[in-house]
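Work through the following exercises with the sequence and the 3D view side by side. Try each task before you read its solution.

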Amino acid sequence: MPEQREAHEQILGRLNRRLRTLYQCINTFVQAESEQELLQSTCDILVGGGEVRLAWIGYCEDDAEKTVRPVAQAGDGLDYLERVKTSWGETESGQGPAGIAARTGNACWVNDIRTDPRMFPWRVAALARGYASCIAVPLIAYSKPGAPVDLRGTLNLYSAECDAFDESAIEHYTGLATSVAYAVTALRGHLAEDLAYGVTALRASAERKRAEGALHQAREELAHVTRVTTLGELAASIAHEIKQPLAAIVADASACLNWLAADRPDVDKVREALADIVKDGDRAAEVINRIRALLSRSAVAHEPCDLAGVIREVHPLVRPELGRHGITVEMSLAAAVPAVMGDRIQLQQVLLNLMMNAAEAVREVPPPRRRLVVRSTVEDRDDGPWAVVAVEDAGVGFREEEAASLFEAFYTTKPGGLGMGLAISRSIIDGHRGRLWATANPDHGATFHFALPAMR
């Protein structure tokens, strides 16, 4: 329906904006040469992303008023911060989101500035500048082992829309604030290392490791958002696949009721129908389990992985979507492909990205060319055997001058595409000590390959 399609597109647009923002912030965390540059760039990026009207970062002072002092800000209405006072104490000026977040160590948000009593001291000034809702997130990172990394500050965001900060937004900005805390701590460690050695250097090294861990977590967030976006695109097909076994269950259950209502129930038919119900229930559960696995946010754990199994698990997810466009899939799986060490969900994501890209490439070509071939083979190299998976299509292909850009972030040849699928796929394969590359086919289309070293 048009309303559902529009809502779906709005969700995808919001995810895309957050993904771009997160990617830009990660680059800032890595490249910033000073704490002030990092904080100011973060505010600029958040406002530039289009979701917030004002972004500012404040640090807690130990003065008599317990002031939250703005140290970086960007957006519309910067004079707002000059006109209002924010405290982290128990006074009236400390009852807003920034003060509560600083005191409690938890995010605090206001869905409607017009009516929320906590915003009374700032309401007139906020509404005059077009702010409708806001959130404050503490700059704290809880690490294991060790004490929390606490900058004693808050990230503060103001939106022109009411109820702008839903559960997913709160989770997104809390994760971003955590990364800011790690990155600032790492920068402070670098400065300390320039001034002294010994213990200070060891502390700086540990802080850098924590920052690297935060950046790694942020990259995993990018991959997670891409999985969610891809599954959003497949929502109609997935719903259709689940609907089929559920419809069969309802039909078989109705037949059982009819047979049992007879004077002499046909027990064999009832038993057969109940067996079908169990089978269809298992089929629906398998679909749901595959979706839940791909949406999982669990930590990456490399373990023995059968690539043929990965292929068989992804195929049912894309099969209805391919069938809708008259696209056929041919499987050519070698029998002796060795197992690899990897994260099964991430490898499923790579294959899902490649198959969806291939389907997009053949969607508008003549029907005889609407086909994909998924192959698995083994290659013997100097350092031992490697498992190779290839996805071949007969679609529009790519030009030679595009080859070098295919795996760059935000590069896309698809209208409305984000351009992150291949970039994230390559980062996943790189993290598995493998290789991902593309070749142009002699006649039509392209083939994308990834290779992983076999378990030793």
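**Exercise 1.** In this predicted model, find the place of Arg 129 along the chain, decide whether Arg 129 is buried or exposed, and identify the residue whose side chain makes a polar contact with the side chain of Arg 129.

*Solution.* Begin with the chain: Arg 129 sits in the loop that runs between helix α5 (123-128) and strand β4 (133-141). Next, consider accessibility: the relative accessible area of Arg 129 is 15%, and because buried means under 20%, this residue counts as buried. Then look at the surroundings, where, leaving out residues up to four places away in sequence, Arg 129 touches Arg 53, Gly 77, Asp 79, Tyr 80 and Arg 83. With Asp 79 there is a polar contact between the two side chains, at 2.9 Å.

**Exercise 2.** Explain why Cys 134 does not form a disulfide.

*Solution.* Start from the closest candidate, which is Cys 108: its sulfur lies 7.8 Å from that of Cys 134. A disulfide requires the two sulfur atoms to be within 2.5 Å, so this pair is too far apart for a bond. A search of the whole structure agrees, since it finds zero disulfides. As for accessibility, Cys 134 is buried at 1% relative accessibility, and Cys 256 is also buried, at 5%.

**Exercise 3.** Describe the open sheet of five strands, giving the strand order and the edge strands, and state which helices lie across β11.

*Solution.* First write down the order, β7-β9-β10-β12-β11, in which the pairing is mixed. The edges are β7 (328-333) and β11 (435-440), each of which pairs on one side only. Within the sheet, β10 (residues 384-393) and β12 (residues 446-453) pair in the antiparallel sense over seven bridges, and Ala 390 stands opposite His 449 in β12. Now add the helices: α11 (residues 344-362) lies across β7, β9, β10, β11 and β12, at about 30 degrees to β10, while α12 (residues 421-431) lies across β11 and β12, at about 135 degrees to β11.

**Exercise 4.** Which element supplies the largest share of the largest nonpolar core?

*Solution.* The largest nonpolar core has 38 residues, and among those with the most contacts inside it are Leu 347, Leu 351 and Phe 450. At least two residues of this core come from each of α10 (307-324), α11, β9, β10, α12 and β12, and the largest share, ten residues, comes from α11. A second, separate core has 37 residues, including Val 71 and Ile 135.

How values were computed
Residues numbered from 1 in each chain as written. Predicted model: local features only at pLDDT ≥ 70, side-chain atom pairs only at ≥ 80, totals over all residues. Heavy atoms only, no water. Buried < 20%, exposed > 50% of the residue type's maximum accessible area, 1.4 Å probe, protein only. Pairing = 2+ DSSP bridges. Helix = DSSP H or I, 4+ residues; strand = E, 2+ residues; numbered from the N terminus. Contact = heavy atoms within 4.5 Å. Axes fitted to C-alpha atoms, helices over the stretch in contact; angles between N-to-C directions. Polar contact = N/O pair within 3.5 Å; in protein donor to acceptor, adjacent residues only side chain to side chain. Core = buried A, V, L, I, M, F, W, Y, C linked by side-chain atoms within 4.5 Å.
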